[in-house]
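Please open the model in your viewer, switch to a cartoon representation, and follow the stops below in the order in which they are given.

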Amino acid sequence: MILDALMPRYDADEVHTTLVHAAPASVFAAIRNADLASGPVPRLLLMLRAIPAALLAPRAGLEELKRRWHRGDGEKVRLADFERQGFRVVAERAPEELVIGLLGQFWTPRGGLCADVTRETFASGPPAGLALAGWNFTVVARGEFSELRTETRVLCAEDARWKFLLYWSLIRPGSGLIRRAMLSAIRREAEKV
């Protein structure tokens, strides 16, 4: 697994899986095409995450919250939308695994995201005051099904560890709900074909 090579050490980890009645190539394509924020629960949780930043910039923040909640009919939140927010695809081996990297101060209102996450960032580890997240999707053939799995790992700089772990203890249940909803959305997208 690419994530194992990129991030053998980590401070926090979360894994979720589902079975998809589709070929691995279809499932892998669905990772990029599915609406990753479909349904009211993921939309609500992602909106709640945006509230602290909205309080710091009320005018722009309120508009962003409205936009997140009242997406137009047919407007999807795809992986490319996450990439515009600072998430980076750092490695890919189609149709088996895709690894996304994220570097920042996730526990702060705006998240303090750094846009320049690369494979080299994983080799050097997070700089002081930051946490590095590795988030992957893997697809494995299981007869007429495919197993779709997502894992999130976070490695913290020494001075950021306690801040992140406190934050993680609060948001982990919601994060898990979002990940499971994403897997369901990918499954629905892959099974449409």
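**A tour from helix to sheet**

Begin by selecting residues 161-192, which make up helix α7; this helix lies across β1, β4 and β5, and runs at about 10 degrees to β1. Bear in mind throughout that the model is a predicted one.

Next, select the strands themselves: five of them form an open sheet, in the order β1-β5-β4-β3-β2, with antiparallel pairing. At the edges stand β1 (12-20) and β2 (88-93), and because each has a single partner strand, one side of each is left without a neighbour in the sheet. If you look from strand to strand, neighbours in this sheet are turned by 15 degrees against each other on average, when direction is ignored.

Stay with the edge strand β2 and add β3, residues 97-104, to the selection: the two run antiparallel and are joined by five bridges. Within this pair, pick out A91, which stands opposite V99 in β3.

Now turn to residues 24-33, helix α2, which lies across β1, β2, β3, β4 (131-142) and β5 (145-156) and runs at about 150 degrees to β4.

For the last stop, select the cysteines C114 and C156 and show their side chains. Which of the two descriptions, buried or partly exposed, fits C114? Its relative accessibility is 21%, so C114 counts as partly exposed, whereas C156, with a relative accessible area of 4%, is buried. A search for disulfides will return nothing, as the structure holds zero of them.

Conventions. Residues numbered from 1 in each chain as written. Predicted model: local features only at pLDDT ≥ 70, side-chain atom pairs only at ≥ 80, totals over all residues. Heavy atoms only, no water. Pairing = 2+ DSSP bridges. Helix = DSSP H or I, 4+ residues; strand = E, 2+ residues; numbered from the N terminus. Axes fitted to C-alpha atoms, helices over the stretch in contact; angles between N-to-C directions. Contact = heavy atoms within 4.5 Å. Disulfide = S-S within 2.5 Å. Buried < 20%, exposed > 50% of the residue type's maximum accessible area, 1.4 Å probe, protein only.
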